[in-house]
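Student: Could you take me through one part of this model in detail? I would like to look closely at a place where two domains meet.

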Amino acid sequence: MKHQEFDVVVIGAGHAGAEAASAAARYGAKTALVTLKSTDLGTMSCNPAIGGLGKGHLVREIDALGGLMGLAADRAGIQFRLLNRRKGPAVQGPRAQADREIFRQSVQELVSEIGNLHVKSAEVVDLIQTGSVFSGVVLKDGTRIVAKSVVLTSGTFLNGIVHIGDVSHSGGRMGDDASNRLADRIRELDLKFGRLKTGTPPRLDGSTIDWGLLEMQPGDEDPTMFSFLSKRPTARQISCGITHTNPKTHEIIGKNLSLSAMYGGHIDGVGPRYCPSIEDKVVRFSDKDSHQVFLEPEGLNTTTVYPNGISTSLPVSVQEDYVKTLRGLESVRIVQPGYAIEYDYIDPRALTSHLSVKGFDGLYFAGQINGTTGYEEAGAQGLVAGLNAAANALGKDPVAFSRVDSYIGVMIDDLTTRGVTEPYRMFTSRAEFRLAIRVDNADQRLTPIGRDLGILNQQRLQAFDEKMEKLESAENLLSGTVFTPNQVCDLGVNVKLDGVKRSGMQLLSFKDIEFDLIKPAIPGADLVDLEISGQLKKQATYASYIERQKRDVAAIKKDMEVSIPADFDYSNFSGLSNELVAKLSEARPENLAQMSRLEGITPAATALVLAKIRQAEKRGLG
Amino acid sequence: MDTIFALASAPGKAGVSVIRISGTDAKTAGVCLSGGELPKPRQSGLRILKRQSGEHLDQALVLVFDAGASFTGEDVVEFQVHGSVAVVSAVLDELSKIPGLRMAEPGEFTRRALENGCMDLTQVEALSDLIESETEAQRKQALRVLSGAIGQKVDIWRSKIVRSAALLEATIDFADEDVPVDVTDEVKELLQAVINSIESELCGLDAAERVRTGFEVAIVGPPNAGKSTLLNYLAGRDAAITSEFAGTTRDVIEVQMDIGGYSVTLLDTAGVRETDDQVEKIGVERALSRAKLADLRIHLVLLGESPEIDVEESDIILTAKDDLGCENGISGLTGFGVVSLLDHIRVTLSTLVSGSSLVNRERHKIALRQSLSFLREALMALESGVGEYDLVSEELRSASRNLEALMGRVDVENLLDEIFLNFCVGK
């Protein structure tokens, strides 16, 4: 029997798996990435787009930490759009349509450039477990890959079932195989499981679409890239089409509801409310007689089109009927029918902020199996799990992100303290400090962390240092120049003649003052380039709000520093209700910040727990 | 670290009340109110406390403790003022207007003491009980507020704030979907309504000259157990109609009185029984809900029976109509047992006293005022339209955080619920 040794083994090469393997290897761990087919690495299994609101933040953060997704999306991007362009920079989100094939190739190339990372085509059939310690995986051919940390990113593999109308089949690629103990092994962990569902639309043959009838949506003229290292798109840029459902479409769907897997009672899983099937839209919003549908080309060298907005689990024949009622799609051909997939997820409250399973050593979960949806959410979790799996294997410090430093931190905290009730997707509204943690400063927030960990290459560090240097000197220039109200008026801006002198940075925080306006009055400012002056404007815009939030940020950071022992006994002190004792004993928060985020926890309760911890510490010392 | 303040002694009528301020701005705040130099640390000095407007608040003994040599480990200033509810309320109110100061949460002084290593750990056990009762008292107070007339208003504020925030977030987080692009007018209207309502509420609070405070003690029991007779005896007048017929008392009757220095509202309630009489039925429901929210219940039971409604730990159980006089009996007719009942009430209230309704009401008032200023900021930012929705939304978040004590936490999930209920998102 063959035997191989690694520090970290990652199971599954979707977006979570790829980022996990990349992060672990860059953190210094000899890493194996095991996937059924190595050509699957980097596959976009759902819609051909990356980014969006909240999601774009995640991609930028992954990139600031040296991950794959931003670079791959930039290479594959065939239409870039910055969402919320008219709104404040804190809520803008970059998004791109991606060419599936280029994306896949790019991920594979980027992965192949990472030393220490070995991609294996094989089927994992079991985990190596001794008591509460995990130490590798067993492959189908009997090979044992021994590793100190195992990262499981198996997506919808647990009890996955695909539904098209009343036809369903097991979607678990390995689930039916009696020799495969992997699923049983996970079940034996005695975690809580839940059931979710998600759907896809039918894929269309673009050559059978009458594009001439459709409204077209081009990309931005000045594309916003994901990676801090990218300058401009490399792939040819295209437009997407827009069409709409109509009363005829709704009539067909309404008549056939009983044939839909979801409405026919074949599905128990909970679906995402932000991504309803077309059946759902027709039923729940019966007053609307039209819904928007985006026709997104899947790439430059394919005719396949992804009609975003009509995911469905109706039978194929009904799909064909209703799709043809849409303008421009009158004689369209379906390449692949839409379907719904149901799957089990583990309740992520069983995980630590490092994404390891509580109560066990060396086992990490990331991606859709934790109840999330989306490439970006999966990738970001992969990054966290990969870093910590490597830390565990190499005896390095674990890496945790927090709500105050990143969307990654917000997501991990939401998942591990609140759990999920529907597939979890990132929104900017989930981040209470969103004015501070923006897409434009993801590098300023996270690249220094990446540098400390040693996971970033020279090219990135150099680019970062150059930018920061420019930013700093420009900021000093502006802060060092002071204007009297009269001088400001001379620039053509109305301010109160209150005698208050204002620095260039303070002026820039005014809504109607752009950098170009004050530039002539500041010697040397004409040398500041566009990227830097734009960044200064963004910083100035939110400076006063960020100042206001400082207190909250400090309070959270302080609470994070008070860790609660894993075996902390909540039961034997007065002052906590039985309900809270039960809740805390189950949730096992890692620190006071996590504890205070649990439902029903009062400041008094956290004070009490703090008192007990201090008491125990004193006793320990004595 | 921000500076916190609170009433540190037992609330209610007392000889002296202690107001504690702790944090980096404590001394600044002390100077602000006492209008001059503070006494040297650990020495007391008599000062006149004044409002910013110059209005005289009270004469107070002022004490200063330096960081490292105080209860919390931070700079601490204490005012010993006359133990009047109105004075304490006014001083707290004035403190809340100083930037950087806020009212302490229950247990927060202790928490700071712990964090700064200034806490004698043997005190921790005793503290947990204190924190528990404070928290419980706050919870009760919040419930009482919500079940009252203001409760309906708070409900409306909450729904309007949630709706406004949801509209804004929908345009932000679902910008590339089929949702409205400009919600300025609708949000403006919603926020203006909330602002007007909070303003009039605050007006009412400020105008109330007599600060109603104190405890509620409910007399409960089966019909015709002599509850009203007892109330009348205690009140020294016929506040409630009594008769030999069961079910005479229909509505809740309130009598204000002073028991051992505490201001007490005695509640006479309808006798609890199953009934087909619609009016009496409502009376029984009211009796039950008021009794539940009261600080203390006197359960009158007939000889050999036990109370029909839930008894809480500190409640008093007495045998009703005990005109003959035996142990644990009471009679509103002969007055037997009344003296020991009053004594019992006084003792019980003094143990409950750490949870003050005054502090809570003051807290609510401060919260209302602060959220009002955030709401006004939000309204201003709305003038810039779509471009500043991120800032409007931030102001709203701050406003609702301040109202949390009144209306509960507005979580992102509440906003998402509202969004998904109203808009068909998902492309």
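Tutor: Happy to; what follows is a walk through one domain interface in chain A. Please keep in mind that this is a predicted model.

Let us begin with the layout. Chain A is divided into four stretches: domain 1 covers 3-196 + 344-453, domain 2 covers 203-342, domain 3 covers 478-552 and domain 4 covers 562-621. The pair to look at is domain 1 of chain A and domain 3 of chain A, with C-alpha centres 41 Å apart. To their contact, domain 1 of chain A brings 11 residues, while domain 3 of chain A brings eight residues.

Next, the surface that is covered. Between domain 1 of chain A and domain 3 of chain A, about 860 Å² is buried, and carbon and sulfur atoms give 61% of that area. If you want residues to find on screen, try F433(A), L435(A) and R438(A): these supply 50% of the area that domain 1 of chain A buries against domain 3 of chain A, more than any other three residues.

Now for the polar side of the story. Across the interface of domain 1 of chain A and domain 3 of chain A there are zero salt bridges by the rule applied. Polar contacts do turn up across this interface of domain 1 of chain A and domain 3 of chain A, in three residue pairs, with both residues at pLDDT 80 or more. As for the make-up of the side of domain 1 of chain A that touches domain 3 of chain A, five residues are nonpolar, three are polar and three are charged.

Definitions and conventions: Residues are numbered from 1 along each chain as its sequence is written. Chains are lettered from A and ligands numbered from 1 in the order in which they are written. This is a predicted model: local features need pLDDT of at least 70, side-chain atom pairs count only at pLDDT 80 or more; totals for chains, interfaces and linings use all residues. Side-chain values use heavy atoms; hydrogens and water are left out. Domain bounds come from an automatic or database domain assignment. Contact means heavy atoms within 4.5 Å. Buried area is the accessible area (1.4 Å probe) that two parts lose on being put together, summed over both. A salt bridge is a side-chain nitrogen of Lys or Arg within 4 Å of a carboxyl oxygen of Asp or Glu. A polar contact is a pair of N or O atoms within 3.5 Å; within protein, one must be able to donate a hydrogen and the other to accept it, and residues adjacent in sequence count only if both atoms are side-chain atoms. Ala, Val, Leu, Ile, Met, Phe, Trp, Tyr, Cys and Pro count as nonpolar, Asp, Glu, Lys and Arg as charged, and the others, Gly among them, as polar.
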